[in-house]
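Q: Please take a close look at the salt bridges of this model and describe them in one connected account. Please also explain the terms on which the description relies.

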Amino acid sequence: MSLESNLAEEADLAELEQAAPAAGISPSLILLFALSTGVIIVNLFAPQTLIGVIGPSLGFSDAGASLVAMVTLLGYAAGLFFLVPLGDLVENRRLVLHLLGAAVAAAFAAAAAPSGWLLLVFLFLLGAACSAIQILVPVAASMSAPEHRGRVIGNVMSGLMVGILLSRPVASMIADGWGWRSFYVASGVAMAALAAVLAVRLPERRPEAAAGYGALIASLWHLLRDEPVLCSRAFSAAMAMGCFSLFWTVVALRLTLPPFGLDQAQIGLFALVGAGGAVSTSYFGRLGDRGLSRRATVIADLVMIAAMALAAYAGTAMSDGFWPSLVLLGVAAVMLDVGVTGDQTLGRRAINLLRPEARGRLNGLFVGVFFLGGALGSAIAGPAWSYGGWLAVCGCGGAFALLALVAAVVKPLD
């Protein structure tokens with residue numbers, strides 16, 4: 001995972017060094033948080049590029065194969081709703097290490113799964129355990145001053161986004177060389193190594209909440225009801241993630257067909273171009289710190305709409321030739337990732353400024369809702385591709401992005 005570390009380090013390291021004293025968190029610790037989120041998040045999005053090989057090996061149809069991509073995201077959402085609230089109740093370092101241990105066990109179980117349905121169960125559990133990410137983010141936020149929080153969160157998010165974007169090429173290259181099961185073995189080893197590092201370096205964070213677990217879970221509804229910023233930001237992010245998941249679940253299938261005809265390793269290289277979108281994370285965080293959240297969110301959502309229009313053009317007969325079509329589709333992928341990154345970074349900054357005593361629950365709700373959007377996008381991907389082809393996929397993605405834009409225009413975002 002050294003490439004993730006290098007990319008995160010390149011994301012304004014000089015600015016991090018200047019901001020760290022005021023933010024109360026060192027550049028090396030920010031990089032550790034970014035690397036940690038990147039390593040863990042890989043598990044959630046790797047299935048999007050592996051469905052083409054997992055599906056046939058375990059007997060899934062083309063439409064049913066999208067369940068492989070969907071179930072990990074559903075598990076993650078469940079973990080965000082039912083495990084992340086524990087971050088407001090128990091010491092965070094210990095909670096992160098326990099969840100990472102569970103993730104390692106689930107990854108190894110997925111690698112050995114003898115049937116498709118058992119694989120879905122293990123991937124659901126793996127997704128739930130990966131909610132450890134949303135314990136790490138509030139720890140980083142709690143260590144930073146409010147005036148620098150957007151920048152710090154943005155840089156931690158850069159690791160998460162790099163992990164999302166690298167998950168596809170990494171998974172493709174490992175699966176191409178050693179089979180899809182080897183990816184989950186490699187991921188389990190990587191998370192075990194990460195847990196060993198965090199056991200030494202991760203600072204303790206003792207939550208402020210005094211209520212019991214049942215009361216914390218019951219309070220989730222009250223937070224959604226009483227915090228309009230949380231509702232609007234979570235909805236916008238959910239629509240953005242739906243667009244993102246829809247595109248990346250199907251593009252691997254589209255790239256195997258003319259005029260592309262790419263194999264699994266080449267698809268992995270194509271997915272690598274999207275990693276360029278991660279560099280925008282810190283930029284959007286700074287825009288939020290300057291009071292430009294609404295304007296920046298509108299721009300991010302418009303970029304997503306434009307990306308889906310360009311992808312529709314590049315993936316149909318309207319764009320002639322291998323290289324012109326592939327380049328245009330790559331540009332669309334980068335634009336999509338920039339837009340989704342911007343929407344999510346600005347949303348995370350906004351909800352981390354609401355209630356310090358409920359930061360774990362707020363993060364759990366926010367990310368849980370937007371990953372439900374991602375799961376919905378993955379679920380729609382298979383039927384849209386089977387019955388309407390690439391244009392239907394891009395049309396559905398554009399609809400998701402349009403709904404995110406509507407939320408940015410008519411709802412309170414700050």
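Salt bridges and a surface patch

A: Arg-225 and Asp-226 are joined through their side chains by a salt bridge, with a distance of 3.0 Å from N to O; the term requires a side-chain nitrogen of Lys or Arg within 4 Å of a carboxyl oxygen of Asp or Glu. The model is predicted, so local features need pLDDT of at least 70 and side-chain atom pairs pLDDT 80 or more, whereas totals for chains, interfaces and linings use all residues. Residues are numbered from 1 along each chain as its sequence is written, and side-chain values use heavy atoms, without hydrogens or water.

Asp-226 has a relative accessible area of 38% and is therefore partly exposed (buried is under 20%, exposed over 50%, partly exposed in between, with a 1.4 Å probe and protein chains only). Searching the whole structure yields two salt bridges. Glu-204 and Arg-206 form one of them, their closest N and O atoms lying 3.2 Å apart. Glu-204 counts as exposed because its relative accessibility is 52%, and Arg-206 is likewise classed as exposed, at 60%.

Salt-bridged residues are excluded from surface patches, which take residues with over 30% relative accessible area and join like charges within 9 Å and nonpolar side chains (Val, Leu, Ile, Met, Phe, Trp, Tyr) within 5 Å. A nonpolar surface patch comprises Leu-74, Leu-118, Val-121, Phe-124, Leu-125 and Leu-372, together offering about 450 Å² of accessible area (Shrake-Rupley method, 1.4 Å probe, only the protein chains shown counting as cover). Phe-124 is partly exposed, because its relative accessibility is 32%.
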